[in-house]
Amino acid sequence: MSRAILVTGSSRGIGKAIALALAEQGFDIILHCRTQREQAQKVSEQIQAMGRSARVLCFDVTDRDSARQSIEQDIAEHGAYYGVVCNAGVTRDTAFPAMTDDEWGTVISTGLDGFYNVVRPAVMPMVSARQGGRIITLASVSGIAGNRGQVNYSAAKAGIIGATKALALELAKRKITVNCVAPGLIATEMTEQLDTKELLKHVPMRRMGNVEEVAATVSFLASDPAAYITRQVISVNGGLV
């Protein structure tokens, strides 16, 4: 029986790397994007070339009704998911006194509301399928330690960690594990504008991580050998925290 995993924000960056790593491990993939369908479709073609099934869902994770309708319809047509990877997130960095309502709201709604809007419609079908499962969230070192200029992002990611740990308690007896991966400074489009010279002085390994290293951790947590790991936050940060 094939097992399918939904990966949000998977048209590029860390999400794309996670989708490819999970497909390499033998999972079918439901790719998700908000607007970049063409890029997501190219990832889908890569996965299909690997011999796995892939399809693309486009919806805004901050739009509760749209997310629920898209996921419920997809499950009705293809069956319950084996797993969900909540990767979608945004940053709007600025010092807290200068932060606008929109900068606060956009980051919180994408990161924290997005978790609720995506996981909730998927979780009961997973329970009813009685095949166990995996829910993996993406937080950040900012959610663990806080970060200057990222009060909004740190709050969203800390909330994700709390939600992950609570949901893990509720689903453990259903053989559905719920874990969180917290990357540090990873080379992506989101970080390419940063002046990393000073930041890297705080990273014991003195280098940025890459998306494949994050994806490998997510892929392991999705695997059968990780069945006894739940309610955990796994950092991928070169020893930063």
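**Entry 1: lining of the largest cavity**

I began with the largest cavity of this predicted model, and sorted its lining by class, which gave seven nonpolar residues, five polar ones and one charged. I then looked up the volume of the largest cavity, which comes to about 90 Å³, and noted that the structure holds one cavity of 30 Å³ or more. Which residues lie closest to the centre of the largest cavity? Out of the 13 that line the cavity, I found Cys86, Ala88, Thr110, Gly111 and Phe115 to be the closest to the centre. Turning to secondary structure, I recorded α4 (101-129) and α6 (151-171) as the elements that give two or more residues to this lining, and α4 gives the most, with five residues.

**Entry 2: second largest pocket**

I next turned to the second largest pocket, where about 170 Å³ of space lies. Its lining is made of 14 residues, and those I found nearest the centre of the pocket are Ser2, Ala4, His78, Gly79 and Ala80. Sorted by class, the lining of this pocket has six nonpolar residues, five polar residues and three charged residues.

**Entry 3: Thr230**

I then looked up Thr230, and placed this residue in the loop between α8 (211-222) and β7 (233-236). Is Thr230 buried, partly exposed or exposed? I entered Thr230 as partly exposed, because its relative accessibility is 24%, and partly exposed covers the range between under 20% for buried and over 50% for exposed. Setting aside neighbours within four places in sequence, I listed Ala168, Ile176, Thr177, Val178 and Asn179 as the residues in contact with Thr230. Of these, Val178 drew a second look, since the side chain of Thr230 reaches the backbone nitrogen of Val178 at 2.9 Å. I also took the C-alpha to C-alpha distance from Thr230 to Ala122, which is 18 Å in space for a pair 108 residues apart in sequence.

**Entry 4: the chain as a whole**

Last, I stepped back to the whole chain, in which I counted eight helices and seven strands. Along the principal axes, the C-alpha atoms fill a box of roughly 50 × 40 × 35 Å. I compared the radius of gyration of the chain, 17 Å, with the value near 18 Å that a compact globule of 241 residues would have, and noted that the two agree. Buried residues account for 48% of the 241 residues in the chain. For the contacts between residues at least 6 apart in sequence, I noted that 71% join residues at least 24 apart.

Conventions: Residues numbered from 1 in each chain as written. Predicted model: local features only at pLDDT ≥ 70, side-chain atom pairs only at ≥ 80, totals over all residues. Heavy atoms only, no water. 1 Å grid on protein atoms, 1.4 Å probe; cavity = no way out; pocket = protein on both sides within 12 Å on 5 of 7 lines; lining within 4 Å. Points joined across faces, edges and corners; volume = space filled by probe spheres on them. Helix = DSSP H or I, 4+ residues; strand = E, 2+ residues; numbered from the N terminus. Nonpolar A, V, L, I, M, F, W, Y, C, P; charged D, E, K, R; others polar. Buried < 20%, exposed > 50% of the residue type's maximum accessible area, 1.4 Å probe, protein only. Contact = heavy atoms within 4.5 Å. Polar contact = N/O pair within 3.5 Å; in protein donor to acceptor, adjacent residues only side chain to side chain. Rg over C-alpha atoms; globule rule 2.2 N^0.38 Å.
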